[in-house]
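User: I have a structure open beside its sequence, and I would like to understand the reasoning behind the labels people put on it. Could you walk me through it?

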Amino acid sequence: MIDTQTLIDCTGATRADAERYVLHLADGMNRFGIHSDNAVAAFLGQLTIESDALAKVEEGLYYTTPARLREVFPSLFVQGGYRAEDYVRNPKGLSMLRYEGFHGRGLIQLTWEDAYIAAGRAIGVNYRDNPELLLQPQHAALSACWFFADFKGCLAAAERGNVYDITGRVNGPKRLKLAERKAATARAYKVLTK
C-alpha cells in the first residue's frame, strides 16, 4: 500500500495534495490490481503529468486568445468554421462544443461520454449525470485507477515498462509530454524500488 511520503516522492506532489488522494489511490490501486513496482511506477508517472503532480483534476479550457484556441483546436477553429472569439474565456461553451460537456476530469483526465458511462458502471456511480463527482478526491482517484487498469488496459504495457505504449493509451496518438512521462515513471520506479 502506498503512503503519503512515497506518493510525494514519486509524483512531486505537495503534502496537502498527497494527503488528499493517498487513501483513495491506495484503495483504487488495490481494487483494480495496480500492484507491481512496474505497474505502480507507470501509473504514477502518467498521473503526475495528467494531474500536474496531483494539483489539477479538471482539464483547463479557459483560453484568453483566439489564436491559442486555433492552435490547440484547429479542427474546430481553423477547419471547422467555428469562431474562436466566441470561446475565449468561455470554458463551459468550449466544453460543450468540443466534448459535449464531458471534458477531462479526474486525476487521469476522463474524457467523452462513453468513458464517463463506463467508469460509472465499473465504480457504481452515475458519472454521466453527475460529472462534477469526478472533481472529488475519491472519484478523481478511483476513476484514474479504473481508467489505467481496465478501460485503457495499460497494465500489460506497464509490466513491460513501455511508457510509449501507455502514453498512447492515456493521451492519444500525439503522446504529449512523452519525455516528461518517461522521467516521471523512472523517478517513481526508483522511489518504489530503493
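User: Where is L110 found?

Analyst: L110 sits in the loop between α6 (91-99) and α7. Helices here are DSSP runs of H or I with at least four residues, and strands are E runs of at least two, numbered from the N terminus. This is a predicted model, where local features need pLDDT of at least 70, side-chain atom pairs count only at pLDDT 80 or more, and totals for chains, interfaces and linings use all residues. Residues are numbered from 1 along each chain as its sequence is written, and side-chain values use heavy atoms, with hydrogens and water left out.

User: What makes L110 count as buried?

Analyst: Buried means under 20% relative accessible area, exposed means over 50%, and partly exposed is in between (1.4 Å probe, protein chains only). L110 has 0% relative accessibility, so it counts as buried.

User: Which residues does L110 touch?

Analyst: Contact means heavy atoms within 4.5 Å. Not counting residues up to four places away in sequence, L110 touches H103, G104, R105, A115, Y116, A119, L134, S143, W146 and F147. Take L134 from that list: it is 24 residues from L110 along the chain, and their C-alpha atoms are separated by 8.5 Å.

User: Why are D165 and T4 called buried, when each has 18% relative accessibility?

Analyst: The value of 18% is what decides it, against a cut-off of under 20%. D165 has 18% relative accessibility, so it counts as buried, and T4, also at 18%, therefore counts as buried. D165 lies in helix α10 and, leaving aside its neighbours within four places in sequence, is in contact with A157 and R160. T4 is in helix α1 and touches R15, A18, E19 and V22, with residues up to four places away not counted.

User: How do you know that the length of α2 agrees with what is expected of a helix?

Analyst: The expected span is 1.5 Å times one less than the number of residues. Helix α2 (residues 15-31) has 17 residues and should span 24 Å; its end C-alpha atoms are 24 Å apart, so the two agree. The same check works for α3: its 14 residues should span 20 Å, and its end C-alpha atoms are 20 Å apart, which agrees.

User: What makes you say there is a kink in α2?

Analyst: The bend at a residue is the angle between axes fitted to the seven residues ending there and the seven starting there. In α2 that gives a kink of about 40 degrees, centred on Y21. Y21 is also one of the buried residues of α2, along with D17, A18, V22, L25, A26, G28 and M29. The buried residues of α2 pack against α1 (4-11), α3 (37-50) and α8 (137-151).

User: Why is α3 described as mostly covered?

Analyst: The count is 11 of its 14 residues buried. What covers the buried residues of α3 includes α1, α2, α8, α9, α10 and α11.

User: What makes a set of residues a nonpolar core?

Analyst: It is a set of buried Ala, Val, Leu, Ile, Met, Phe, Trp, Tyr and Cys residues joined through side-chain atoms within 4.5 Å. The largest one has 50 residues, of which L25, I34, F43, L44, L47, L107 and F148 touch the most other members. Helix α8 gives the most to this core, with 9 residues. Apart from it lies another core, of 12 residues, among them Y63, L69, F73 and L76.

User: Why is D52 called partly exposed, and K177 exposed?

Analyst: D52 has a relative accessible area of 42%, so it is partly exposed. K177 has 51%, and therefore it is exposed. D52 lies in the loop between α3 and α4 (66-72), and K177 in the loop between α10 and α11. Each has a positive phi in a residue other than glycine: near 55 degrees for D52 and near 60 degrees for K177.

User: How many domains is the chain divided into, and where do they lie?

Analyst: Domain bounds come from an automatic or database domain assignment. Domain 1 takes in 4-57 + 132-193, and domain 2 takes in 66-99. Their C-alpha centres lie 29 Å apart.
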